[in-house]
Amino acid sequence: QVQLVESGGGSVQAGGSLTLSCAGSGYSNRNYCMGWFRQAPGKEREGIAAINGIGRTRYADSVKGRFAVSKDIAKNTLYLRMDSLKPEDTAMYYCAATPHYYYGSYVPLFTTEYNYWGQGTQVTVSS
């Protein structure tokens, strides 16, 4: 049974940094594609960063150059380093996993492409 647990959210001022973690069990992130998504109040959930089994990454334009996704295979943990945070980054952040696309050039960022989800961790950025 795949389980994902996010942590590391909190409140930060604009320009600050946070690192989110997603601890996984019931699978190996070596063979899964992992993604980070976020959902602000009144908005749809959007994909912002993902990494596949061979380490290929993909980012949404809104976070490119500011966020970095990585994983620790031994700990089966996914990370999202967030720098230069903006008030518009305020949202609930979710990690997700899929056994598909884990090897190859395509890295998915659509919610429909992921099978397993965590409960989320809140990030609030004040101006």
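Two strands are taken as paired if DSSP finds at least two bridges between them. In this predicted model, Gln3 stands opposite Ser25 in strand β3. Ser7 also has its bridge partner in β3, namely Ser21. Gln3 and Ser7 both belong to strand β1, which covers residues 3-7. Strand β3 covers residues 18-25. The two strands run antiparallel and are joined by 5 bridges.

The two faces of β1 differ in cover. Leu4 and Glu6 make up the covered face. Gln3, Val5 and Ser7 lie on the uncovered face. The residues named above as bridged to Ser25 and Ser21 thus belong to the uncovered set.

Strand β3 also pairs with strand β8, residues 77-82. This pairing is antiparallel too, and it extends over 6 bridges. Within it, Ala23 of β3 stands opposite Thr77 of β8. Strand β3 is therefore bridged both to β1 and to β8, with pairing defined by the bridge count.

At the level of the whole chain, the protein contains 11 strands and 0 helices. Its pattern along the sequence is β-β-β-β-β-β-β-β-β-β-β. The radius of gyration is 13 Å, close to the 14 Å that the globule rule gives for 127 residues, so the protein is as compact as a globular protein of that length. The C-alpha trace spans about 40 × 25 × 25 Å along its principal axes.

Of the 127 residues, 44% are buried. The accessible surface comes to about 6,400 Å². Carbon and sulfur atoms account for 47% of that surface. Contacts were also examined by sequence separation. Among those with a separation of 6 or more, 62% join residues 24 or more positions apart.

Asn52 offers a local view of such packing. This residue sits in the loop between β5 (46-51) and β6 (57-59). Asn52 counts as buried because its relative accessibility is 0%, against a cut-off of under 20%. The Asn52 side chain reaches the backbone nitrogen of Arg56 at 2.9 Å. Leaving aside residues up to four places away in sequence, Asn52 touches Tyr32, Cys33, Lys71, Tyr101, Tyr102, Tyr103, Gly104, Tyr106 and Val107. A loop position is thus found among the buried residues, since Asn52 lies between β5 and β6 and has 0% relative accessibility.

Key
Residues are numbered from 1 along each chain as its sequence is written. This is a predicted model: local features need pLDDT of at least 70, side-chain atom pairs count only at pLDDT 80 or more; totals for chains, interfaces and linings use all residues. Side-chain values use heavy atoms; hydrogens and water are left out. Buried means under 20% relative accessible area, exposed over 50%, partly exposed in between (1.4 Å probe, protein chains only). Helices (H or I, at least four residues) and strands (E, at least two) are DSSP runs, numbered from the N terminus. A polar contact is a pair of N or O atoms within 3.5 Å; within protein, one must be able to donate a hydrogen and the other to accept it, and residues adjacent in sequence count only if both atoms are side-chain atoms. Contact means heavy atoms within 4.5 Å. The radius of gyration is taken over C-alpha atoms; the globule rule is 2.2 Å times the number of residues to the power 0.38. Accessible areas come from the Shrake-Rupley method with a 1.4 Å probe; for residues, only the protein chains shown count as cover.
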